[in-house]
Amino acid sequence: MELSVILDLVTAGAVILGILFGLLQLRHYHLSQERDATLTLLNSFQTVEFFQGIWIIQGLPDGLTKDEIEDRVGEETRTVYLVMGAWESIGILVYNHEIPIELVENAHGDSILISWQKLKDHVTDVRADLQRETLFEWFQWLAERMIEREQVNPPRPAYFAHRDWRP
């Protein structure tokens, strides 16, 4: 075998190894970005005001109108809007594949579904008042996707689904 053929084979092998290494680095970068998004999602809502909003929403009866909610919670209405804004932002991130819906389900699934159950009539009223069908559209979109997913795979508590987990 001639030296030029051997050098061509070595060069081709080096190029292939370089491409494989680049693909591995790209995958590592993607996983790192996903991990960072996960940490950001989990940490960004760890505020007293956010949890206060969740607490208020969960205590509401279903089917209240915008006016009924505002009368019931008074000045705390802003914390309700804070939560709805968070769900709106998360819906956009899920739609754009910035964060996986499974992560959102695990971190906030129950709170999102309960929020939508309690606030959908409120959202309808706000849209009508302001003549903007796009208000809280991503909150609704996210809740509807999660409802669809639960119909296929009913939720199982982590303490049950992963009871055999070992480090």
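At 30% relative accessibility, R149 counts as partly exposed in this predicted model. The side chain of R149 engages E105 in a salt bridge, with 2.8 Å between the closest N and O atoms. Because R149 belongs to helix α6 and E105 to helix α5, the pair ties together parts that are 44 residues apart in sequence. E105 is likewise partly exposed, its relative accessible area being 24%.

In total, the structure holds eight salt bridges. Another of these joins the side chains of K118 and D62, with an N to O distance of 3.1 Å. Since K118 is located in helix α5 and D62 in the loop between α2 and α3, this pair links parts that are 56 residues apart in sequence. K118 is buried, with a relative accessible area of 13%, whereas D62 is partly exposed at 43%.

A further salt bridge is found within helix α6, where the side chains of E148 and R145 meet at 2.8 Å, N to O. These two residues are three positions apart in the helix and are therefore separated by about one helical turn. E148 is partly exposed, with a relative accessible area of 41%. In addition, K66, E70 and D129 are joined into one network by salt bridges that share partners.

The nonpolar interior was examined next. The largest nonpolar core comprises 30 residues, of which W87, I90, V104, L119, F139 and L142 touch the most other members. Two or more residues are contributed to this core by each of α2 (48–58), α3 (66–73), α4, α5 (101–130) and α6 (137–152). In soluble globular proteins, nonpolar side chains tend to be buried together. Beyond its neighbours within four places in sequence, W87 is in contact with F50, I54, H108, S111, I112, S115, W138, F139 and L142.

A charged residue, E88, occupies a position in helix α4 (residues 77–95). E88 is buried yet has no salt bridge. The nearest side chain of opposite charge, that of R127, is 6.4 Å away, which means that the pair falls outside the 4 Å limit applied to salt bridges. A polar atom of the E88 side chain does, however, lie 2.9 Å from the backbone nitrogen of F139. F139 is also among the core residues that touch the most other members. When neighbours within four places in sequence are left aside, the contacts of E88 are T134, F136, E137, W138 and F139. W138 and F139 also appear among the contacts of W87.

Notes. Residues are numbered from 1 along each chain as its sequence is written. This is a predicted model: local features need pLDDT of at least 70, side-chain atom pairs count only at pLDDT 80 or more; totals for chains, interfaces and linings use all residues. Side-chain values use heavy atoms; hydrogens and water are left out. Helices (H or I, at least four residues) and strands (E, at least two) are DSSP runs, numbered from the N terminus. Buried means under 20% relative accessible area, exposed over 50%, partly exposed in between (1.4 Å probe, protein chains only). Lys and Arg count as positive and Asp and Glu as negative; His and the chain ends are not counted. A polar contact is a pair of N or O atoms within 3.5 Å; within protein, one must be able to donate a hydrogen and the other to accept it, and residues adjacent in sequence count only if both atoms are side-chain atoms. Contact means heavy atoms within 4.5 Å. A nonpolar core is a set of buried Ala, Val, Leu, Ile, Met, Phe, Trp, Tyr and Cys residues joined through side-chain atoms within 4.5 Å.
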